[in-house]
Amino acid sequence: TPPTRPSSHLSSGINAEYGERHLAVGGDSGVVNIYNREDISTSNATPLRAVMNLTTGINNLTFNSTGELLAISSKKVKQALRLINLHSLHCAPNWPTGKTPLSYVNSVNFSPNSGYVGIGTSKGTALLYKLNHYRSF
């Protein structure tokens, strides 16, 4: 049987999220391991990539609807949000910038067709950004 969808807020300090082709697991150190979903049933599954762009605990992992992007964030420091391209397994190098008014990120989600990413902040604001790669909302 396929694995069940894990909770995105596990009590052990580890967050996990399933995408269509990938599993992302983030922990208190800020490292997010990305696995091929087909490989996780083996006892020696190794990550496709360990993303080490954040240095504090991961509180949010969100795949977009097409499985091409993964948003990761930590609410412990300002500006702690990264978008990961799952084809290249690299973070977007040009966003967010130092001028992006993210503050502390509490939540992230994509619109149904991935044309927008919405970000909830500790200031009580909801930020909405257009992802130009996607034509529809």
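These legends accompany close-up views of a predicted model.

**View 1. The whole protein is built from strands.** The protein has 11 strands and 0 helices. Read along the sequence, the pattern is β-β-β-β-β-β-β-β-β-β-β. Of its 137 residues, 42% are buried. The accessible surface comes to about 7,800 Å². Carbon and sulfur atoms account for 52% of that surface. Among contacts in the protein with a separation of 6 or more, 37% join residues 24 or more positions apart.

**View 2. Confidence along the chain and at its start.** The mean pLDDT of the protein is 86. A value of 70 or more is reached by 88% of the residues. Residues 1-12 have pLDDT below 50. Beyond near neighbours in sequence, this stretch has 15 contacts in the model.

**View 3. The hairpin of strand 2 and strand 3.** Strand 2 spans residues 22-26, and strand 3 spans residues 32-36. The two strands run antiparallel and are joined by 5 bridges. One of the facing pairs is G26 and V32, with V32 in strand 3. Between the strands lie 5 residues. In this hairpin, G30 takes a positive phi near 95°.

**View 4. Strand 3 also pairs with strand 4.** Strand 4 covers residues 49-51. Strand 3 and strand 4 pair in the antiparallel sense, over 3 bridges. At one position, I34 has R49 of strand 4 as its bridge partner. Strand 3 thus appears in two pairings, one with strand 2 and one with strand 4.

**View 5. An open sheet of 4 strands.** The order of strands in this sheet is 5-6-7-8, and the pairing is antiparallel. Strand 5 (60-63) and strand 8 (90-91) are the edge strands. Each of these edge strands pairs on one side only. At one end of the order, strand 7 (residues 81-85) pairs with strand 8 in the antiparallel sense over 2 bridges. N85 has H90 as its bridge partner in strand 8.

**View 6. Strand 5, an edge strand covered on both faces.** Which residues of strand 5 are buried on each side? N60 and T62 are buried on one side, and L61 and F63 are buried on the other. Both faces of the strand are therefore covered, since buried means under 20% relative accessible area and all of these residues meet that mark. Strand 5 pairs antiparallel with strand 6 (residues 69-73) over 4 bridges. T62 has A71 as its bridge partner in strand 6. The two strands form a hairpin with 5 residues between them. G67, in the turn, has a positive phi of about 75°.

**View 7. An open sheet of 3 strands.** Here the strand order is 9-10-11, and the pairing is antiparallel. The edge strands are strand 9 (105-110) and strand 11 (126-130), and each pairs on one side only. With direction ignored, neighbouring strands of this sheet are turned by 20° against each other on average. Strand 9 and strand 10 (residues 116-121) form an antiparallel pair with 5 bridges. Opposite V105 stands T121 of strand 10.

**View 8. T121 and its surroundings.** T121 lies in strand 10. Is T121 buried or exposed? T121 is buried, because its relative accessibility is 6% and the cut-off for buried is under 20%. The side chain of T121 makes a polar contact of 2.6 Å with the side chain of T125. Leaving aside neighbours within four places in sequence, T121 is in contact with L102, Y104, N106 and L127. T121 also stands opposite V105 in the strand pairing.

**View 9. S111 in the loop between strand 9 and strand 10.** S111 is found in the loop that links these two strands. How does S111 count, buried or exposed? S111 is buried because its relative accessible area is 16%, and buried means under 20%. Which residues does S111 touch, not counting those up to four places away in sequence? S111 touches Y116 and F137. Y116 falls within strand 10, which covers residues 116-121.

Definitions and conventions: Residues are numbered from 1 along each chain as its sequence is written. This is a predicted model: local features need pLDDT of at least 70, side-chain atom pairs count only at pLDDT 80 or more; totals for chains, interfaces and linings use all residues. Side-chain values use heavy atoms; hydrogens and water are left out. pLDDT is the predictor's confidence in each residue, from 0 to 100. Contact means heavy atoms within 4.5 Å. Two strands pair if DSSP finds at least two bridges between them. Axes are lines fitted to C-alpha atoms, for helices over the stretch in contact, and angles run from 0 to 180 degrees between N-to-C directions. Buried means under 20% relative accessible area, exposed over 50%, partly exposed in between (1.4 Å probe, protein chains only). Accessible areas come from the Shrake-Rupley method with a 1.4 Å probe; for residues, only the protein chains shown count as cover. A polar contact is a pair of N or O atoms within 3.5 Å; within protein, one must be able to donate a hydrogen and the other to accept it, and residues adjacent in sequence count only if both atoms are side-chain atoms.
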